[in-house]
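Me: I should like to learn how to read the features of a protein model. May we go through one together?

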Amino acid sequence: MRELKLKWLLLGVLIDSIAMSSVWPLTTIYMNQELGHSLVAAGVVLFLNSVASILGSFVAGKLYDKYDSYYLILGGIVFTWISFFTLIFFNGWPTYPIFLVLIGFGTGWIVALNNSMGTSIKSKDGRYVFNMLYFVQNLGVMLGTAIVGILFKHSVAPLFTIATVMFTVFFVVAFFTYRIPKEDQSVQSVQQTQDIQSKMPKVNFTIIMSFFVSLVIMWIFYQQWNSTVSIYMLKLHIPLRLYSFLWTVNGLFILIVQGLLSSRDGRLLKDPYHQVYLGIAFFMASFGILAVAHQYYHFVIAMIVLTVGEAIAFPSIPAIVNSLSPYDQKGKYQGLASAFPSAGRAMGPLVGSMIIESTSFVFLYSLGLFTILVVLVVIALIIESTKRKATLYDNNQE
């Protein structure tokens, strides 16, 4: 049976990730230093960007189950391209924040559709598909953030020009390669028709929601690496340039771990649930190290442990969600799998700053350790008591 080829989907994800990652890192600096607005204003814009991303993911996921994904992805690319193109020429206040929020909607839309289309690839193991999607997305983040460092001086126009060109290439790739053959669409519609009478099994829904709530909590604490850790390191008299290097370490170890997993079809452990538990355990341990960190090498070790954890756990979750989602609801739940982390990213900086103001950095990171430990115990209890009763909808997920 012919289907969407994984290599073209990965190319589209790579282009999208490079373009997006060449834009978002400069928001706070550009708004504060060039446009003259407060850090609070920049925080509000980033929050609205995340909310728009949540909305885009949810809507795109729902529409994927009902309409042709080919036209949905082309529409999302064009919508985002228009926003990038406009910002080349009009990047002052309030045009910049308004279109940045629109780009957030487009980001959520495209990510949800890319993951949803990944569920249609049956010739590859589901864990391998989502592992490769995660690998390529992070490769794009590394390349995109490098572009920011090279090109951003005082004007954002060159970066938006590059993003516009890349989305033009993205449109061409999607236009010629993303159309699912008609015979596959008819097979999919038969599967959906057969399944349309049955609702999401309660056990499946319970497992999926336990993962989604866990993702929100983990991303709230993950965001501390983007917001509060840099301030904490400065208080310890560690230069900001060394903080920036931590993200180079993050990208490098994601590529190493993802490369290892890809060579094993995304299977570090036979049971995908156990693989998630292992990843969360690493993720949790990183905050324990962070809570006692005083020297720079402590932060490097904490980042490495965090990165290993996220690289093991995060790609496995959408693969499991795919296997538990009925055929006519895969887009909906992949959209939610993108939306819930965005909710955590939106709340993270606010939650972190509020806790620090009333307590301390050490308390915040210790709270991360114990909260994620509770998350791990709770989801393990829920899943181990119910997973044998779950209904699987993907033959590639065993």
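**Reading a helical model**

Reply: Let us begin with a single residue: when its neighbours within four places in sequence are left aside, Gly 118 is in contact with Leu 9 and Val 129. Please keep in mind throughout that this is a predicted model.

Me: Where in the fold is Gly 118 found? Is Gly 118 buried or exposed?

Reply: Gly 118 belongs to helix α5, which covers residues 95-118. Its relative accessible area is 2%, so Gly 118 is buried; the cut-off for that word is under 20%. Distance along the chain and distance in space should be read separately. Gly 118 and Phe 170 are 52 residues apart in sequence, and their C-alpha atoms are 17 Å apart in space.

Me: How many helices and strands does the protein have?

Reply: There are 16 helices and zero strands. For the overall form, one compares the radius of gyration with that of a compact globule. With 398 residues, such a globule would have a value near 21 Å; the protein has 21 Å, and therefore the two agree. The C-alpha trace spans about 60 × 50 × 35 Å along the principal axes. Of the 398 residues, 55% count as buried.

Me: What share of the contacts joins residues at least 24 apart in sequence?

Reply: Here one considers contacts between residues at least 6 apart in sequence, and 85% of these join residues at least 24 apart.

Me: How does one check the length of a helix, for instance α4?

Reply: One compares the expected span with the distance between the end C-alpha atoms. At 1.5 Å a residue, the 21 residues of α4 should span 30 Å, and the ends are 31 Å apart, which agrees. The 18 residues of helix α13 (residues 296-313) should span 26 Å, and the end C-alpha atoms of α13 are 26 Å apart, which also agrees. Helix α16, residues 361-386, has 26 residues and reaches 38 Å, close to the 38 Å expected.

Me: Which residue caps the N-terminal end of α4?

Reply: That residue is Asp 68: one of its side-chain oxygens lies 2.9 Å from the backbone nitrogen of Tyr 70. Tyr 70 has a second partner, for the charged end of Arg 179 sits over its ring, 4.2 Å from the centre. A similar arrangement is found at Trp 219, where Arg 345 lies over the face of the ring at 4.6 Å from the ring centre.

Me: How many aromatic pairs does the structure hold, and how is one of them read?

Reply: The structure holds 27 aromatic pairs. In one of them, the rings of Trp 81 and Phe 85 have centres 5.0 Å apart and planes at 5 degrees, so this pair is stacked; planes under 30 degrees apart count as such.

Me: Why can residues four places apart on a helix point the same way?

Reply: An α-helix has 3.6 residues a turn, so residues three or four places apart point the same way. Trp 81 and Phe 85 are four residues apart in helix α4 (residues 69-89), about one turn of the helix. Trp 81 is partly exposed at 28% relative accessibility, and Phe 85 is partly exposed at 35%. Another stacked pair is formed by Phe 171 and Phe 175, whose ring centres are 6.0 Å apart, with planes at 25 degrees. Phe 171 and Phe 175 both lie in helix α7 (residues 157-177), four residues apart. Ring pairs also link Phe 84, Tyr 96, Phe 160, Phe 167, Phe 170 and Tyr 178 into a cluster.

Me: What covers the buried residues of α16?

Reply: The covering elements include α9, α10, α12 and α15. Among the buried residues of α16 are Leu 364, Gly 368, Ile 372 and Ile 379. Helix α13 is mostly covered, with 15 of its 18 residues buried.

Me: Finally, which backbone oxygen does the side chain of Ser 316 reach?

Reply: The side chain of Ser 316 reaches the backbone oxygen of Ile 312, at 3.0 Å. Ser 316 lies in helix α14, residues 316-324, and counts as buried at 3% relative accessibility. Apart from its neighbours within four places in sequence, Ser 316 is in contact with Gln 275 and Val 276.

Technical notes
Residues numbered from 1 in each chain as written. Predicted model: local features only at pLDDT ≥ 70, side-chain atom pairs only at ≥ 80, totals over all residues. Heavy atoms only, no water. Phe/Tyr/Trp six-rings, centres within 6.5 Å; stacked < 30°, edge-to-face > 60°. Helix = DSSP H or I, 4+ residues; strand = E, 2+ residues; numbered from the N terminus. Buried < 20%, exposed > 50% of the residue type's maximum accessible area, 1.4 Å probe, protein only. Lys NZ or Arg CZ within 6 Å of the ring centre and 35° of its normal. Expected span 1.5 Å × (residues − 1). Polar contact = N/O pair within 3.5 Å; in protein donor to acceptor, adjacent residues only side chain to side chain. Contact = heavy atoms within 4.5 Å. Rg over C-alpha atoms; globule rule 2.2 N^0.38 Å.
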